[in-house]
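Here is a quick walk through a few helix contacts and a couple of individual residues. Have the chain open and follow along.

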Amino acid sequence: MAGAFADPRDVLRHRAMNLQQYGVVTLCVLINMVDGYDILALAQAGSALSRDWGLSNAELGTLLSMNLIGMAAGALGVSPVADQYGRRPAMLICLILMSVGMAVSAVSTGFVTMAIGRLITGIGIGGMTSTAGTLALEYASYKRREFATSAVASAYPVGTIIGAMVAVAVLDTYGWRGIFWFGAALSAILLPIAWAWLPESLDFLLTRQPKGALETTNTVLRRMNVPEIAELPPRPADSGEGSTALKEIAQPIHRKELIGKLFLAHALNMFAWYFIINWGPPLVAEASGSDALGARYSAWVSYGGIVGGLTAGFLCGTFGVKRMMWATMVSLAVLIGLFGQFVGNTSMLMVIAPLIGAALFGSAVANWLTIAYAFPPHLRATGLGFATTAGRVGSIFGPIVGGALLGTRTDDLSLGFVTLDVTLTVGMVCAVMGVPAILSALTFHRARRLEPGR
């Protein structure tokens with residue numbers, strides 16, 4: 001009966017991680033890498049697809065947006081499944097959706113089937129975004145959990161880099177369909193590996209306590225080399241029999257946190273995030289007169305993102321999540337402003353690009369952890385999924401508002417004795433677009449912290 005009073009999660013969190021724990025984190029990293037590939041697959045294939053089908057820019061833009069719509073739907077629809085029925089089934093479903101969606105895209109013969117394929121893929125990606133990081137966090141040791149989360153997040157730019165390499169390799173030989181077939185194969189390969197290797201979350205089993213939870217828990221514990229337990233701990237007070245994740249997240253104590261702080265904070269963060277990541281490459285190309293330089297800038301942002309995301313995760317575990325949230329968000333605001341000042345200076349851009357990438361993905365890690373730690377384990381995926389969806393609003397309006405400001409001209413501005421023709425410069429626009437990052441940090445600072453620690 002002694003095992004009934006010893007929380008096995010404490011053993012996992014306070015000992016050195018073993019091979020089984022590293023295996024779970026590694027699998028989550030690989031899955032998120034495929035996410036990164038799938039997200040930009042249509043962008044890589046877009047030029048060839050438009051020529052093949054005679055698509056207008058508006059039609060291609062609509063197809064690109066289907067992925068974002070699907071991601072929002074997946075975050076809203078799949079994340080509660082992860083809290084209600086388990087991380088494992090949610091992740092397996094998402095892998096199936098990603099593989100099917102990419103295959104549908106590969107065989108599509110027109111606008112409608114491609115739109116359906118991208119929507120299905122987006123749903124899988126949206127659901128996986130919060131679930132894979134959550135499982136990695138829950139199986140990592142206390143010392144390594146922030147770094148484990150950052151490794152999952154940093155896999156995204158690795159996937160985008162792989163996507164660019166695959167596009168170069170297959171476009172001439174297999175055409176744009178080869179890009180989608182390769183992505184479908186990646187998810188299909190990971191599916192049986194995940195089926196055989198991926199365990200259910202102990203946080204889910206011990207808090208939600210589904211049917212057969214004790215037996216399943218002990219099966220996982222044997223696999224992780226942790227002593228078995230004789231009985232389950234008491235359920236959390238807000239997780240009664242027959243309750244659902246959606247009902248629980250709607251309780252005032254959680255709803256106030258989600259809507260009053262995290263929705264706003266993440267939307268502001270994504271507003272600045274997607275402005276610079278979308279407008280950076282074309283502004284560089286326009287200022288330099290070289291499309292190749294715009295692509296080179298984008299690649300350096302991705303390289304910086306990999307290093308910055310991993311570094312931020314390590315430093316979150318050393319100095320604390322809140323401190324790193326402030327450091328990365330302030331850095332992002334400053335770097336967006338500097339980008340605007342040096343957009344015509346090629347040498348400075350190649351210095352600023354990896355720093356922007358580091359700030360982008362470093363802030364993504366710190367903010368993800370801020371949201372994750374604001375909710376109890378049985379609502380963690382749902383909270384992350386809902387906050388991520390709010391972030392999609394910011395991701396939509398950031399590029400739109402930025403584009404509108406970049407195109408703004410006020411003619412015949414009268415000062416009484418003289419009339420001026422005033423144009424907003426790139427530097428002015430970037431200075432304005434960095435402000436939401438600071439406002440996001442101020443809002444994230446107020447978020448509660450339910451998890452103990454740094």
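## Serine 440 and its neighbours

Skip the residues within four places in sequence, and serine 440 is left touching Ala265, Leu268, Asn269 and Met329. This is a predicted model, so treat the contacts accordingly. Serine 440 sits in helix α18, which covers residues 435-444. Is serine 440 buried or exposed? With a relative accessibility of 0%, serine 440 is buried, because the cut-off for that label is under 20%.

## Valine 393

Over in helix α16 (residues 380-406) we find valine 393. Its relative accessible area is 43%, so valine 393 counts as partly exposed. Along the chain, valine 393 and alanine 267 are 126 residues apart, yet their C-alpha atoms are separated by 6.1 Å.

## α7 against α13

Now for a helix pair. Helix α7 (residues 145-174) and helix α13 (residues 291-319) have axes that come within 8 Å and cross at roughly 175°. That angle is over 145 degrees, so α7 runs roughly antiparallel to α13.

On the α7 side, the contact includes Glu146, Phe147, Ser150, Ala151 and Ser154, along with Pro157, Val158, Thr160 and Ile161. Facing them from α13 are residues including Ser302, Tyr303, Gly305, Ile306 and Gly309, plus Leu310, Gly313, Phe314, Cys316 and Gly317. Sorted by class, the residues of this contact come out as 10 nonpolar, 8 polar and 1 charged.

## α7 against α8

The same α7 also packs on helix α8 (residues 176-197), here at an angle of about 130° with the axes 7 Å apart. The two helices are therefore oblique to each other, and α7 passes α8 in a right-handed crossing.

Which residues make the contact? From α7 come Val166, Ala167, Val170, Leu171 and Tyr174, while α8 supplies Trp176, Arg177, Gly178, Ile179 and Phe182. The class split for α7 with α8 is 8 nonpolar, 1 polar and 1 charged.

## A closer look at α8

How does the length of α8 check out at 1.5 Å a residue? Its 22 residues should span 32 Å, because the expected span uses one less than the number of residues. The end C-alpha atoms of α8 are 33 Å apart, which agrees.

The buried residues of α8 are Trp176, Gly178, Ile179, Phe180, Gly183, Ala184, Ser187, Leu190 and Ala194. These buried residues pack against α2 (19-39), α3 (41-53), α5 (87-107), α6 (111-139) and α7.

How values were computed:
Residues numbered from 1 in each chain as written. Predicted model: local features only at pLDDT ≥ 70, side-chain atom pairs only at ≥ 80, totals over all residues. Heavy atoms only, no water. Axes fitted to C-alpha atoms, helices over the stretch in contact; angles between N-to-C directions. Helix = DSSP H or I, 4+ residues; strand = E, 2+ residues; numbered from the N terminus. Parallel < 35°, antiparallel > 145°, perpendicular 65-115°, else oblique. Contact = heavy atoms within 4.5 Å. Nonpolar A, V, L, I, M, F, W, Y, C, P; charged D, E, K, R; others polar. Buried < 20%, exposed > 50% of the residue type's maximum accessible area, 1.4 Å probe, protein only. Left-handed = near helix turned anticlockwise from the far one by under 90°.
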